[in-house]
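Could you walk me through this structure in my viewer, one selection at a time? I would like to know what to pick next and what is there.

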Amino acid sequence: MSANSEEAQKLARMGMWATRVLLAIGAVLVVLEFIIHRHGEIALEDLPLFPAVYAFFICIFIVVGGIFLRKIAMKPEDYYDDE
Amino acid sequence: MMSDLLTMLPPGALMMLVAAGLVLVPHHARQLVMLLAIAGSAFSLTAGAGQHLTIELLGFEMMLYRADHLSLPFAIVFHIAAALNVFYGWHERRATDHVAGLAYAGAAIAALHAGDLITLFIWWEATAITSVFLILASGTQRARHAAMRYLIVQVASGVLLLAGAAMLYSESGSLAFAGMTLGSAATWLIFIAFGIKAAFPLLNGWLQDAYPEATVVGTVVLSAFTTKLAIYALARGFAGTELLIVIGCLMTAFPVFFAVIENDMRRVLAYSLNNQLGFMVVAIGIGTELAINGAVAHAFAHIIYKGLLFMSMGAVLYRVGTVKASELGGLYKSMPLTMVFCIVGAMSISAFPLFSGFAAKSLIMSALGYKGLVAAYLVLLAASAGVLHHSGIKIPYFAFFGHDGGHKVKEAPFGMLVAMAGASVLCIGIGSFPGLFYQILPYSIDYNPYDASHVLGQMELLIFSILAFTFLMRFGFYPPELKSTVLNTDWLYRRVAVWLGRPVLWAIMAVWTSFTCAVAGYRDAIWQAIERLVHSPLTGPTVPGRAVMVQTLVLVVILAIGYLVAA
């Protein structure tokens, strides 16, 4: 059990570090947004930080949609086993 | 001499011929023979563009080997995938995967070079019949059922194609496989036939149903060919059909939600495959040179990175015995190389700069932007974030990190590692040197995906998607992986059709039974009449028995009706 919880702690530490690195990259990108003149394929995309904000909320929307889909389409694992 | 003969054969034909005798060759030699067959088939491509082999059959001209700028990139990547799959399946001692895999790849390659709809139909069905063994070889009851459903759907697609081709012939007098316009029943039938194999919305159930039930090697092989053959067929037959933009957008959007909550990792990848096909379908719908290039480039890159992802999950299945997300986790220690290759596949499908997805998808997004299709653009942008979410993060995270699943296993077999390494090199190569990659596309273009603005935009999209995932995970909003069956469109024929169909079937059976009962009631009378006929002096002693007499009578009646109808 102790080996397992050690492993779990290790994974949690890795997760923590990954999050920090990601936040750092995210911060760099936000800074770059104001240095590089970024333009998109469509006019809407030229808004400051559009890809970042759009992606963030879309991902949350997808997960919320997934949770809703579970309510209507999720069945027990053996649902089709009577075939 | 030998080379002349090879360039005359349609590509893929040699692979099918060799597959027929493959079972006689011992294991390691068999792998080498397969690689030689693939090389020989690839050599046929050196014949270049043109019509190389036409035969006449029953008064029809069948163009068995036609090559041009559209078939070539597909042919190249099909050969690459077939070769990588040989390495991937090297550890597998049973011949089923090898024979079926080689014949299936050969049929798909031959289909790419069909110049008329009848030849296309033959190879179209051949891909179905050869590939079903990759599912059957799993050996479970579940797989057998999935295989039969798969076969019915695939063969139905072929039947629609044949019906459409026949109607088109009676309309136009031509069977050539070329650009068509949706309008007549004939073109609609062909369109739906292609749509089934391309996994259009509502016609997609077979894909997520069957692929995850195939063998470890089988799923990898399946992922490469059928759907991309359909993409090729759509690009040739229906480029610029605007309806495809709508269909493609739906295909990119809906599977994303399913992928998020699906527990079986190979099924997650099957949903993500469906979403990727959507990008290609949208591009075909736009139909400009840039867009068709985008569709082809995306198909090319996709076959390799999607194969790579399926390979990594196949390796996990092979070693751990399951690919249920709820039971995996922490495999980074046991299978570090597989993890690295999986992440390369994940970054490619997510379109990170320097990886193949970026070089390919950028073409499609630009083509949409130039056309001013804002709504479709936003859907595809959202779907790009979704791809990253379920293929880019979910797959590596839940398999190799996440919660420790307590599995202590060996690294993947050597052959699998070779295949994954090869695919990884291609993913990074295509992404890093897009100029070279673009040269094999149908139209010559001057396009550079690597301008600072574009790279920054893409990085924002990706990093903030991952941050959203981390945010949801950290605060416990992310839905936990649950053992479950998520209903997909195959539910329509596995459940609804059964519910609706059963009463109809019962009604038909009831009518039939009452009919046979009535006949039975008159049986004696009929029998006596025949008896009298048989024993009448007119016919003599050599007259056959009653059963033959009945059959003869029935035949006469059928013939009479036939003549009446014909008259």
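Start by selecting A:Arg38, which is buried because its relative accessible area is 6%, under the 20% cut-off. Keep in mind throughout that this is a predicted model. Now add B:Glu460 to the selection: B:Glu460 forms a salt bridge with A:Arg38, and the closest N and O atoms are 3.8 Å apart. A:Arg38 sits in the loop between H1 and H2 of chain A, while B:Glu460 belongs to helix H20 (residues 452–474) of chain B, so this pair joins two chains. Is B:Glu460 buried or exposed? B:Glu460 counts as buried, at 0% relative accessibility.

**Across to the next bridge**

Next, pick A:Asp81 and B:Arg142, whose side chains meet in a salt bridge of 3.8 Å, N to O. This pair also joins two chains, because A:Asp81 lies in the segment after E1 of chain A and B:Arg142 in helix H7 (residues 141–172) of chain B. At 43% relative accessibility, B:Arg142 counts as partly exposed.

**The interface as a whole**

Now colour the two chains separately and show the residues in contact: 53 of chain A and 62 of chain B. About 5200 Å² is buried between chain A and chain B, and carbon and sulfur atoms give 68% of that area. Highlight A:Arg70, A:Glu77 and A:Tyr80, which supply 14% of the area that chain A buries against chain B, more than any other three residues.

How many salt bridges are there between chain A and chain B? The count is three. To see one more of them, select A:Glu77 with B:Lys324, where the closest N and O atoms of the salt bridge are 3.1 Å apart. If you turn on polar contacts, 14 residue pairs are found across the interface of chain A and chain B, with both residues at pLDDT 80 or more. On the side of chain A that touches chain B, the elements giving two or more residues are helix H1 (2–33), helix H2 (50–73) and strand E1 (74–75). The largest share of that side, 18 residues, comes from H2(A).

**Inside chain B**

Move on to B:Arg236 and B:Asp68, whose side chains meet in a salt bridge at 2.8 Å, N to O. The two residues are 168 residues apart and link distant parts of the chain: B:Arg236 is in helix H11 (residues 226–237), and B:Asp68 is in the loop between strand E2 (60–67) and helix H4 (71–88) of chain B. B:Arg236 counts as buried at 12% relative accessibility, and B:Asp68 is buried as well, with a relative accessible area of 18%. Then select A:Asp81, B:Arg142, B:Glu213 and B:Arg267 together, since salt bridges that share partners join them into one network. Over all chains, the structure holds 13 salt bridges.

Go next to B:His27, in helix H3 (residues 27–44) of chain B. B:His27 counts as buried, at 8% relative accessibility. Show the backbone of B:Trp90 too: its oxygen lies 2.7 Å from a polar atom of the B:His27 side chain. Beyond residues up to four places away in sequence, B:His27 touches B:Trp90, B:Glu92, B:Arg93 and B:His98.

**Last stop: the surface**

Finish with a surface view of B:Trp188, B:Ile192, B:Leu203, B:Leu243, B:Val246, B:Leu250 and B:Phe254, a nonpolar patch with about 580 Å² of accessible area together. Helix H8 (185–197) and helix H12 (243–261) of chain B each supply at least two of its residues, and H12(B) gives the largest share, four residues. Zoom in on B:Leu250 in helix H12 of chain B; B:Leu250 is partly exposed, with a relative accessible area of 37%.

Key: Residues numbered from 1 in each chain as written. Chains lettered and ligands numbered in written order. Predicted model: local features only at pLDDT ≥ 70, side-chain atom pairs only at ≥ 80, totals over all residues. Heavy atoms only, no water. Patch = residues over 30% accessible without salt bridge, like charges linked within 9 Å, V, L, I, M, F, W, Y side chains within 5 Å. Areas by Shrake-Rupley, 256 points an atom, 1.4 Å probe, with all protein chains shown as cover. Salt bridge = Lys/Arg side-chain N within 4 Å of Asp/Glu carboxyl O. Buried < 20%, exposed > 50% of the residue type's maximum accessible area, 1.4 Å probe, protein only. Contact = heavy atoms within 4.5 Å. Buried area = accessible area lost by both parts, 1.4 Å probe. Polar contact = N/O pair within 3.5 Å; in protein donor to acceptor, adjacent residues only side chain to side chain.
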